[in-house]
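This report describes a protein chain together with an RNA strand. It moves from single backbone features to the sheet, a helix, the domains and the RNA-facing surface.

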Amino acid sequence: MFDIKYIRENPHLVKDGCKKKQVEVDIDKLLEVDKKRREVQRSLEEIKAERNKANKMISDATSKEEKDKLISEMKEVKEKHAALNEEFNAIDEEFHGLLRKVPNLPFDEVPVGKDDEENKVIRKEGELPSFDFTPSDHLDIGERMDIIDTKRAAKTSGARFTFLKNEVVLLQMALINLCLEVTTKKGFAPVITPVMLKPEMMEAMGFLERGGDDIFHLENDDLYLAGTSEQVIGPMHAKEIFKQKDLPKRYVGYSTCFRREAGSYGKDTKGILRVHQFDKVEMFSFTTPERSKEEHDFLLSVEEEIMKLLEIPYQVIDICTGDLGDPAAKKYDIEAWMPSQGKYRETHSTSNCTDFQARGLDIRYKNKEGTFYVHTLNGTALAMGRTIIAILENNQTKEGNIKIPKALHKYLPFTEITRS
RNA sequence: GGAGGAGUGCGCCGAAUCGGUAAGGCAGCGGAUUGCUAAUCCGUAGCGGGUGAUUCCGCUUGUGGGUUCGAGUCCCACCUCCUCCGCCA
């Protein structure tokens, strides 16, 4: 949720930010409703004060006649109060409906652009592999070696599902272990999260207003399936107040993630790049506002450290305003090199959501000066499916084997995937 | 799924008769004082509104409704936790 006070004081900055994000919100209407709402609230408070006073008199009254007289007078006030209350509820609902539509604003330094075409490459790392043969794509490798089976998954579950099998299962466990080792050494507390969460929490995290189509909803129980453990780790501390000395509070979550991939029909239909279900290790930080930019750089540095350990060539992207989600003020993606496609594809994403989610979740921190909203940040430590693709494709040999990156050797009983 | 019990101000504990308008304690934080591994004393809930500022007003007893002049207290629905039964990896 965005800060209404800021909107009142800086309406054109907010309008400008919404425009940059390609989001349509009627800020003038919001301010008009806000003004009306406060007026109604004021008269409501006056009438409540009147009732409180009169009720005190009634409880202090000594004679029955006096009491009855006061009570009969109060019946009228009660009706006036009820009418006013109804008016307030209606306008309050309209107000929150409009306020919910306001996204977080991008930082000034975020490149302005319409869509992902205008994202900026910040840097490239790692050397691209050169093959003296035509590299196979991950699905060919996977089927040949019997480590990925999307055909049978289609039979059991439908399109965009997969069975991971044999060595790739152990590879995934090794990847999880590597991530947990790197992150816990840096002070992230590991957590396995629920994968279902309540509508109000999903809403507070800023995922429902736009982008709700991508989320699975369990009708019978009115619960959402998490698209990332970020959506669950934020609400973990809802309605809590941290002490400043306990910040930054860092978690590394491991969970299965679910996405409907609505609107991506026909896109990346082959293999396991874009599936309804995958596992992911996710970092999440609660910080003070002063520290959030520094924390964002830190999360990015952890992502890069893991990519370097895995020896996967990648590029870092500064996401432009039009491609930012509602809750984010700034976002970096990491894209890994996929030899079969001859391009970089997204594997990581890290966002600074400033106080946008914290306000909705009511998560604050306290110091000598007072109580303030925290900033929340998230970042992918490692998304399993896509990283597995990068490892399979970048490390294939002429003989048709897959070399495992050294950093994973200590977690595995093999250093190469082979088929004789 | 069935039966019973519970939820009180960032945290922990906890009082409030027949409905009369949220005591108190601990912790934490701020301050004072003493002076030495600490003790004592004072202050301190949050949010919203309003004001130049202070005073001030309103809301909040798990959540949302209802009854009433007035609800922590009575009624309804829901949430969470505990106990028992049933089912179950």
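In this predicted model, Asp268 counts as partly exposed because 14 C-beta neighbours lie inside 10 Å, and a buried residue would need 20 or more. The residue lies in the loop between β9 and β10, and its phi is positive, near 50 degrees, although it is not a glycine. Arg160 also has a positive phi, near 65 degrees, in a residue other than glycine. Arg160 is found in the loop between α6 (150-156) and β3 (163-164). It counts as buried because it has 20 C-beta neighbours inside 10 Å. A further positive phi, near 60 degrees, belongs to Asp146, which follows α5. Such values deserve attention because most residues other than glycine have a negative phi, and most peptide bonds are trans. An exception of the second kind is the peptide bond from Leu247 to Pro248, which is cis, with omega near 0 degrees. Pro248 is found in the loop between β8 (241-243) and β9.

The loop that holds Asp268 links β9 to β10, and these strands are considered next. Strand β10 (residues 277-287) is mostly covered, with nine of its 11 residues buried. Its pairings with β9 and β16 are set out below.

| Strand paired with β10 | Residues | Bridges | Orientation |
|---|---|---|---|
| β9 | 249-258 | 10 bridges | antiparallel |
| β16 | 375-383 | eight bridges | antiparallel |

On the β9 side, Tyr251 stands opposite Phe284 in β10. On the β16 side, Val281 has Leu382 as its bridge partner.

Helix α5 spans residues 138-145, and its residues His138, Ile141 and Gly142 are buried. These three lie on the same side of α5 because they cover an arc of only 95 degrees around the axis. The spacing fits the general geometry: an α-helix has 3.6 residues a turn, so residues three or four places apart point the same way. The cover over the buried residues of α5 includes β2 (148-149) and α12 (384-394).

At the level of the whole chain, chain A contains 12 helices and 18 strands. Of its 420 residues, 37% are buried. The C-alpha trace spans about 100 × 45 × 40 Å along its principal axes. Among contacts between residues at least 6 apart in sequence, 73% join residues at least 24 apart.

The domain assignment divides chain A into domain 1 (4-100) and domain 2 (116-417). Taken over C-alpha atoms, the centres of the two domains are 43 Å apart. Four residues of domain 1 are in contact with four residues of domain 2. On the domain 1 side, the touching residues comprise no nonpolar, one polar and three charged residues.

Which residues come nearest to RNA strand B? Of the 19 residues around the strand, they are Lys48, Ala49, Asn55, Ser59 and Met74. Helices α3 (27-60) and α4 (64-100) each supply at least two residues of this surface. The most are given by α3, with 11 residues. By class, the surface near RNA strand B has nine charged, five polar and five nonpolar residues.

Definitions and conventions
Residues are numbered from 1 along each chain as its sequence is written. Chains are lettered from A and ligands numbered from 1 in the order in which they are written. This is a predicted model: local features need pLDDT of at least 70, side-chain atom pairs count only at pLDDT 80 or more; totals for chains, interfaces and linings use all residues. A residue is near a molecule or strand if its C-beta atom, placed from the backbone, lies within 6 Å of it. Helices (H or I, at least four residues) and strands (E, at least two) are DSSP runs, numbered from the N terminus. Ala, Val, Leu, Ile, Met, Phe, Trp, Tyr, Cys and Pro count as nonpolar, Asp, Glu, Lys and Arg as charged, and the others, Gly among them, as polar. Domain bounds come from an automatic or database domain assignment. Two residues are in contact if their C-beta atoms, placed from the backbone, lie within 7 Å. A residue is buried if 20 or more other C-beta atoms lie within 10 Å of its own, exposed if 12 or fewer, and partly exposed in between; C-beta atoms are placed from the backbone. Two strands pair if DSSP finds at least two bridges between them. The arc is that of the directions from the helix axis to the C-beta atoms.
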